[in-house]
Amino acid sequence: MASNGTDAAAEVPQPPPSQGRLITVLSIDGGGIRGLIPATIIACLEAKLQELDGPEARIADYFDVIAGTSTGALVTAMLAAPDEKKRPLFAARDISQFYLDNGPKIFPQRKIGFLKPAANLLSLMRGPKYDGAFLHDKIKSLTHDVRIADTVTNVVVPAFDVKSLQPVIFSTYEAVHEPLKNAHLSDICISTAAAPTYFPAHFFRTEGEKPGGREFHLVDGGVAANNPTMVAMSMLTKEVLRHNPAFRPVEYGNFLIVSIGTGSPKQAEKYTAPKCAKWGLLRWLYNGGFTPLIDIFTHASADMVDIPSALRGPSVREELPPHPG
C-alpha cells in the first residue's frame, strides 16, 4: 500500500508502490448528484482507517492511485488536493457534506407544473440543462491553482476531446512526461463533469515550451470510461513499460482495486427493443425526461470493465483470507 501509517506519511514523500506488498487503486464512477453514494462509502472507510491509524489518517495515504470520472473526479480531486503541508486538504467526511450542501445548487430543479415535459424538451433543444456556473466557481474555490502534478497521491481522470474526437487521460504520471498535460485540477474536473446535454463543454489551454501551448475542447469522461478502473490500470501498465524504477512487472494478484459505483439509475430496465425500434433521432436524444443515447454510452463503458475482471478469475475479495475477527 501507499503508506502504513500517517506519521511517516506526513514527514516523507509517498513511497513508490514497489515498496509495498500491493499496488492499491481506488476507482470512483461518474453519476452526477449520485456522487454522494461513493462519498459516503469513502467517508466510512476513512473513519475505520482512523480507528486503526489515528485521526490524521486520510484515504490518500492508502492508495497509490485514485481514479475518478465526472462526479468521481471531483471526489478524487478533494481526496488528493494538498494543503500547505502537502497533506490532503479535505477529510473524506467533508466531501459528503459538500454534496449535501451544494447538490441542489449544482442541479437546480425548475418548477414548471403540467408543462414540464414540453419545457424540458424545449430547454434540451436550446442548450445544456444547467449552465454550470455555480459548479465551476465551487470547483475553482476548492482546488485553487493546484495542478495535477501537485496531488498528494497519483490521480487519473479521463475526459473526451470533441475537436480531435479522442479520449484524453489526465494523470499525475502523464504530467511528468508531458508538461502540457499538467493542467489545473479545476479545469480537469470541470471538463470531465461536462456531460453532454447537462453541462457545457469546457475549453482551456495549457502553456509550455510549445508555442501557443496546447488546447483542450473537453466533455464528460464518461463518454469513454464512466468506470475509470481500466484507465488507471492502463496508466500503471505504461509506467511499467517506461521502466519507471518505482514499478516492476506485476501480475494482477499484486493489485488491490476498490471500485465504487454510484448506485443503480432509476431508468434501468426502462427501455425495450420493441420500443427503441420505433425511435427516431429525437427520441434517442430525449425520452420521458431521460437521455437514452447518453445513458447507453456511460453505462456501457462502465460495465465493460467487468468483462476482463470476470475473465481473470476470482476477485481480490474472494482471494483474501477471512478477517480473524
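## Exercises on burial and salt bridges

Tyr198, with a relative accessibility of 25%, counts as partly exposed, a class that lies between buried (under 20% relative accessible area) and exposed (over 50%), with a 1.4 Å probe and protein chains only. The model is predicted, so that local features need pLDDT of at least 70 and side-chain atom pairs count only at pLDDT 80 or more, whereas totals for chains, interfaces and linings use all residues. Residues are numbered from 1 along each chain as its sequence is written, and side-chain values use heavy atoms, with hydrogens and water left out.

**Exercise 1.** Place Tyr198 in the chain and list what Tyr198 touches.

*Solution.* Begin with the secondary structure, in which helices (H or I, at least four residues) and strands (E, at least two) are DSSP runs numbered from the N terminus. Tyr198 is in the loop that runs between α8 (185-192) and β5 (202-206). Next, take the contacts, meaning heavy atoms within 4.5 Å: leaving aside residues up to four places away in sequence, Tyr198 touches Pro128, Lys129, Tyr130 and Thr291. Finally, compare sequence with space: Phe107 is 91 residues from Tyr198 in sequence, while their C-alpha atoms are 9.3 Å apart.

**Exercise 2.** Work out which residues form salt bridges with Glu174, and describe the burial of Glu174.

*Solution.* Apply the rule that a salt bridge is a side-chain nitrogen of Lys or Arg within 4 Å of a carboxyl oxygen of Asp or Glu. One partner is Lys181, at 3.7 Å from N to O, and another is Arg242, whose closest N and O atoms with Glu174 are 3.2 Å apart. The pair of Arg242 and Glu174 links distant parts of the chain, 68 residues apart, with Arg242 in the loop between α10 (229-241) and β7 (255-260) and Glu174 in helix α7 (residues 172-177). Then turn to burial: Glu174 has 2% relative accessibility and counts as buried, Lys181 is buried as well, and Arg242 is partly exposed at 32%. To finish, extend the picture to the network of salt bridges that links Glu174, Lys181, Lys238, Glu239 and Arg242.

**Exercise 3.** Determine which strands are tied together by the salt bridge between Arg205 and Glu215.

*Solution.* Start from the distance, since the closest N and O atoms of Arg205 and Glu215 are 2.7 Å apart. Arg205 lies in strand β5 and Glu215 in strand β6 (residues 214-219), so the pair ties together parts that are 10 residues apart in sequence. Last, check exposure: Arg205, at 39% relative accessibility, is partly exposed, and Glu215 is partly exposed with a relative accessible area of 33%.
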